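Hello,

Here is the structure I promised to pass on to you. Please have a look at it first, and then read my notes below.

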Amino acid sequence: MNKIELLAPAGNLEKAKIAILYGADAVYIGGKQFSLRSRASNFSLEEMAELVEFANVHQAHVHVTVNMLPHEDDLEGIQEYLLKLDAIGVHAIIVASPYIMTLAKSLGCHFEVHVSTQHSSTNSKAIEFWKEQGMDRVVLARECGMEQIETMAKKQILPIEIFIHGGMCISYSGRCVLSNHMTLRDANRGGCAQSCRWKYHLMDGADEISNPEQLFCMSSKDLQAVDEIESFIRWGVASLKIEGRMKSAYYLATVVSSYRRLIDQIYEKGSVTPSELDAIRFEIAKAENRQTGPGFYKGIPDQTVQLYQDHDETVTQEYVAFVLGKKNDKIQVQVKNKFVFEDDLEIFGPQIPSTPIKLQSIEDENGEPLTVCNKPMQIVYAKWDGPWQENAMIRKRRK
C-alpha cells in the first residue's frame, strides 16, 4: 500500500516551499486564471515552473486548482492554459467543470485530473461515474462521515482525497450563494465574501431577538481531524488535505509539521497513544486562529460545532523570528513580531521538533546589543543554547 499523501495549500511561492520543507508530500496552488480563492496571491506560470522544479528536488508534487465553475465567458484561453500547465510539468489539476476535465484528457495532458470537492461526491456510485469518465482521483465532500469514507475507501474504485484540517463551509461543500446575493461576489468563481462569518441582527418581524451586545453569525468551527488520521491510513485513503491557501507561512509550517509527525508515528509504530495525540493537538493549537471541531467525522454537527456568536479570528503574535542562516558564529534571523531578550522561546524547523532555546546574545547589523526586537523584517544576529536550522521558526513558548 502506498504511503498516504499529506497535501498542503499554498497562496504564494514562499508558502509552497515552506509547506514542502516542513513535510508536505504535495502542495495545491492556484493560477492567475480559472481558480477559486481569487484573493490569494496565486501563481504566475513562471512561479509554477520554479515551484515544480523545487518540488521535484524534494520528491514532492504540485497540484493546480482549475476549480472555478465557469460561465460562458470564463472559458477563453482554457486549452492554452492546460497545455502550458502540462509543459511546466505539474503533477495534477483539481477541476470542477466536467468540460475542463474531459478537455484535459482529450488534449493528452500528462498530469492527473482530480475531481474537485465542489462536486459534493458523497457515495461510491459517484466515484464509479468519475472513473467511467477517466478521472484519476476524487476529492470527497466535506459532509461525509467516517462510515461513508470507510466504505468508499475500501472499495478502491479510485483514489480518494479528504479534508483533515481547516475551514468548513456553512453550506454544502461551497454551494452557498449568500455572497452572490449580498455582495455580487461569486463564491464559485473565487469571490466568496464569507457572509456566514458576518455579524447579524437576528429579527422576528420588527423585533430583534439577538443580543445587541453579541450579534448572531452562522459560521462553522474549523475542521481538526487528529483523532481520525489512523483510521484514514488503515482504510487506504489516498490523500489527506489541509485547507487554507490564504493562511500564513507560520500557520502552514506548524500544521503541516504536526500532521507529518503524526502520520510518520503511525507508520513507524502502528498506532499512537492518547498522550501523543494530545501533544499533536497542542502543537497545532499554537497556530490556530479560530476554534476547531470534528466537522462531520463524529456525526451530523450539532450546536457545539458551530460559532453562532464567538467566531472572530484571533491574531497570534507568538511567532517572532525566521532563521535565515549563519554568519560567522552568529545565527541570522528575521524579526516577525516583537520579542525581548528575556522571553521564553522555542524553535521548530523542517527537521527540528519544538525545542526550548535560551538567548545568549542578540545584536543588530552594526553589532550593537539589543534587548528588544520590535521592528518587523529587521535582520538581527543571535546566539542561543539549542539547535538551529535554516528555514526554522522561533516563537514564544505556550505554557
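A good place to start is Ala 206, which is found in the loop between strand E8 (203-204) and strand E9 (207-208). Please keep in mind that this is a predicted model. Ala 206 has a relative accessibility of 73%, and because anything over 50% is called exposed, this residue counts as exposed. If you want a feel for distances, pick Glu 53 as well: the C-alpha atoms of Ala 206 and Glu 53 are separated by 60 Å, and the two residues are 153 apart along the chain.

Now the overall picture. The protein chain contains ten helices and 22 strands. Its radius of gyration is 22 Å, close to the 21 Å that the globule rule gives for 399 residues, so the chain is as compact as a globular protein of that length. Along its principal axes, the C-alpha trace spans about 65 × 60 × 45 Å. Of the 399 residues, 53% count as buried. Taking the contacts between residues at least 6 apart in sequence, 68% join residues at least 24 apart. The accessible surface comes to about 18400 Å², and carbon and sulfur atoms account for 49% of that.

Next, the interior. The largest nonpolar core has 89 residues, and those with the most contacts inside it are Val 27, Val 64, Ile 93, Ile 149, Ile 229, Phe 232 and Tyr 259. Helix H9 (residues 249-269) gives the most to this core, with eleven residues. Tyr 259 is worth a click: leaving out residues up to four places away in sequence, Tyr 259 touches Leu 6, Ile 164, His 165, Gln 224, Ala 225, Val 226, Ile 229, Ile 242 and Ile 284. Another core, of 20 residues, lies apart from the largest one, and its members include Ile 347, Ile 357, Ile 362 and Ala 392.

Is His 63 buried or exposed? This histidine lies in strand E3 (residues 61-66). His 63 has a relative accessible area of 2%, and because the limit for buried is under 20%, His 63 is buried. Among the residues that His 63 touches, not counting those up to four places away in sequence, are Glu 5, His 91, His 114 and Arg 137, along with Val 27 and Ile 29.

Finally, the barrel. Six strands close into it in the order E15-E16-E21-E19-E18-E22, with antiparallel pairing. From one strand to the next, the twist averages 45°. You can follow several of the pairings one by one:

- E15 (residues 319-327) pairs with E22 (residues 393-396) in the antiparallel sense over three bridges, and Phe 322 has Met 393 in E22 as its bridge partner.
- E15 is also joined to E16 (residues 330-335) by six bridges, again antiparallel, and Lys 326 stands opposite Ile 331 in E16.
- E18 (residues 345-349) and E19 (residues 352-363) form an antiparallel pair over four bridges, with Thr 355 in E19 as the bridge partner of Ile 347.

The hairpin of E15 and E16 has two residues between the strands, and Asn 328 takes a positive phi near 60° there. Ile 347 links two parts of these notes, since this residue belongs to the 20-residue core and is bridged to Thr 355 in E19.

Happy browsing, and do write back with any questions.

Best wishes

Methods. Residues numbered from 1 in each chain as written. Predicted model: local features only at pLDDT ≥ 70, side-chain atom pairs only at ≥ 80, totals over all residues. Heavy atoms only, no water. Pairing = 2+ DSSP bridges. Buried < 20%, exposed > 50% of the residue type's maximum accessible area, 1.4 Å probe, protein only. Core = buried A, V, L, I, M, F, W, Y, C linked by side-chain atoms within 4.5 Å. Contact = heavy atoms within 4.5 Å. Axes fitted to C-alpha atoms, helices over the stretch in contact; angles between N-to-C directions. Rg over C-alpha atoms; globule rule 2.2 N^0.38 Å. Areas by Shrake-Rupley, 256 points an atom, 1.4 Å probe, with all protein chains shown as cover.
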